[in-house]
Amino acid sequence: KYYGPKPAYKKVIFKAIPEEAARVAALTTGEADVITAIPVNQRKKVEESGKAYLTPQMGAMIYLGLNTYEGPFKDVRVRQAANYALNRELINKALFDGKAILCTGPISPRTFGADPSLKPYPYDPEKAKKLLADAGYPNGFEAKLSYPTYMSQIQEQAEAIAGELGKVGIKLQLEPLERAVMWENYKGKKLQMFLYWWDDAHEPDRYVYSLFHSKSRDYYYKNTKVDDLLDKGRTIMDREQRAKVYNEVDRLLYEDAPWLYLYVVPEVFGVADNVDYQGRRDGFLMMQYAKPKK
């Protein structure tokens, strides 16, 4: 007795296939009709299969968080140095075929409120070394980078980042963690550097408040000015005024650098040729809109 249009299919089965290659194979062999979380390096296989096509969905904004409460990353110069040390363009070409969108700050470039005047941190290893020396680390230092093993292409990303930071003296020990362990360590403030992701959503409050407001998580960063702006952004109805508030948040966090700003990887669904389904920008898998292709 649903009030809206009746779905085309009587029954839908959701099945977990954790391994990426097996998930793609399920689509191309007809075992699955729609799949998600397709790594960039597997997408060509879907397109060339003659059995399926790709349709866009919401992207994944990958970020590298820093513990700003203790150790070297308490110093903003060290945090900025790490951003200057990272060759984002090289990583984008090597891992994502140049299809990732480089981030300029904590707000995805595709999200309302991102400051259009900001540019990604340029690759400048000499500036990074100078900032490290000014902060008291002329020979660099050792740090631990933690990441959850379930994220797509995560090992490759961690190794690429470690290689880049190592060139300026930030020597990383890589710590891959099972999903639940990673989450518990994150909540327990046990991490020094950590790779995670958030949906590349339309609305900035959806993730910026959760990740940066001290009354939300308060795990690794606190800035009362950012808190005030995020509170203000929740109370303004005028769209242009809201944009100005989030532009300022973007600029403040760009300068304070509590993250290494990385990239947005546009995600896709793989869909069997006999199914008509278009992915949604909000990323939800709404199968009531799927129907047989005529």
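Helices are DSSP runs of H or I, at least four residues long, numbered from the N terminus. In the predicted model examined here, helix 5 is followed by Gly 136, whose phi is positive, near 100°.

Helix 5 itself spans residues 125–134. Ala 128, Leu 131 and Leu 132 are its buried residues. These three cover an arc of only 100° around the axis, which puts them on the same side of helix 5. An α-helix has 3.6 residues a turn, so residues three or four places apart point the same way. The face turned away from the buried side carries Glu 126 and Lys 130, both exposed. Cover for the buried residues of helix 5 comes from several elements, including helix 3 (76–84), strand 5 (141–148) and strand 6 (170–177).

Helix 3 is itself mostly covered. Of its 9 residues, 7 are buried. The buried set begins with Val 78, Arg 79 and Gln 80. Ala 81, Ala 82, Asn 83 and Tyr 84 complete the buried set of helix 3.

The interior was then examined for nonpolar cores. The largest nonpolar core has 77 residues. Within this core, Ile 161, Leu 195 and Tyr 263 have the most contacts. Strand 8 (residues 259–265) gives the most to the core, with 7 residues. A second core, of 19 residues, is separate. Val 46, Val 268, Ala 272 and Tyr 277 are among its members.

Val 275 lies in strand 10, which covers residues 275–276. Its relative accessibility is 5%, so Val 275 counts as buried. Leaving aside residues up to four places away in sequence, Val 275 touches Tyr 9, Asp 33, Tyr 53, Ala 290, Lys 291 and Lys 293. One of these contacts, Ala 290, is 15 residues from Val 275 in sequence. The C-alpha atoms of Val 275 and Ala 290 are 6.9 Å apart.

Empty space was considered next. Rolling a probe the size of a water molecule over the atoms shows where such space is left. The structure holds 1 cavity of 30 Å³ or more. About 140 Å³ of space lies in the largest cavity. Its lining comprises 15 residues. Tyr 186, Phe 194, Leu 211, Tyr 220 and Tyr 221 are the closest to the centre of this cavity. Strand 3 (60–66) and helix 8 are the elements that give two or more residues to the lining. Helix 8 gives the most, with 3 residues. By residue class, the lining of the largest cavity divides into 11 nonpolar, 2 polar and 2 charged.

Among the pockets, the second largest has a volume of about 230 Å³. It is lined by 13 residues. Those closest to the centre of the pocket are Tyr 150, Trp 183, Tyr 196, Trp 197 and Trp 198. Helix 7 (179–187), strand 7 (193–199) and helix 8 (205–212) each supply at least two residues of this lining. Strand 7 gives the most, with 4 residues. The lining of the second largest pocket holds 9 nonpolar and 4 charged residues, and no polar ones. Helix 8 thus contributes to the lining of the second largest pocket and to that of the largest cavity.

Key:
Residues numbered from 1 in each chain as written. Predicted model: local features only at pLDDT ≥ 70, side-chain atom pairs only at ≥ 80, totals over all residues. Heavy atoms only, no water. Buried < 20%, exposed > 50% of the residue type's maximum accessible area, 1.4 Å probe, protein only. Arc of directions from axis to C-beta. Contact = heavy atoms within 4.5 Å. 1 Å grid on protein atoms, 1.4 Å probe; cavity = no way out; pocket = protein on both sides within 12 Å on 5 of 7 lines; lining within 4 Å. Points joined across faces, edges and corners; volume = space filled by probe spheres on them. Nonpolar A, V, L, I, M, F, W, Y, C, P; charged D, E, K, R; others polar. Core = buried A, V, L, I, M, F, W, Y, C linked by side-chain atoms within 4.5 Å.
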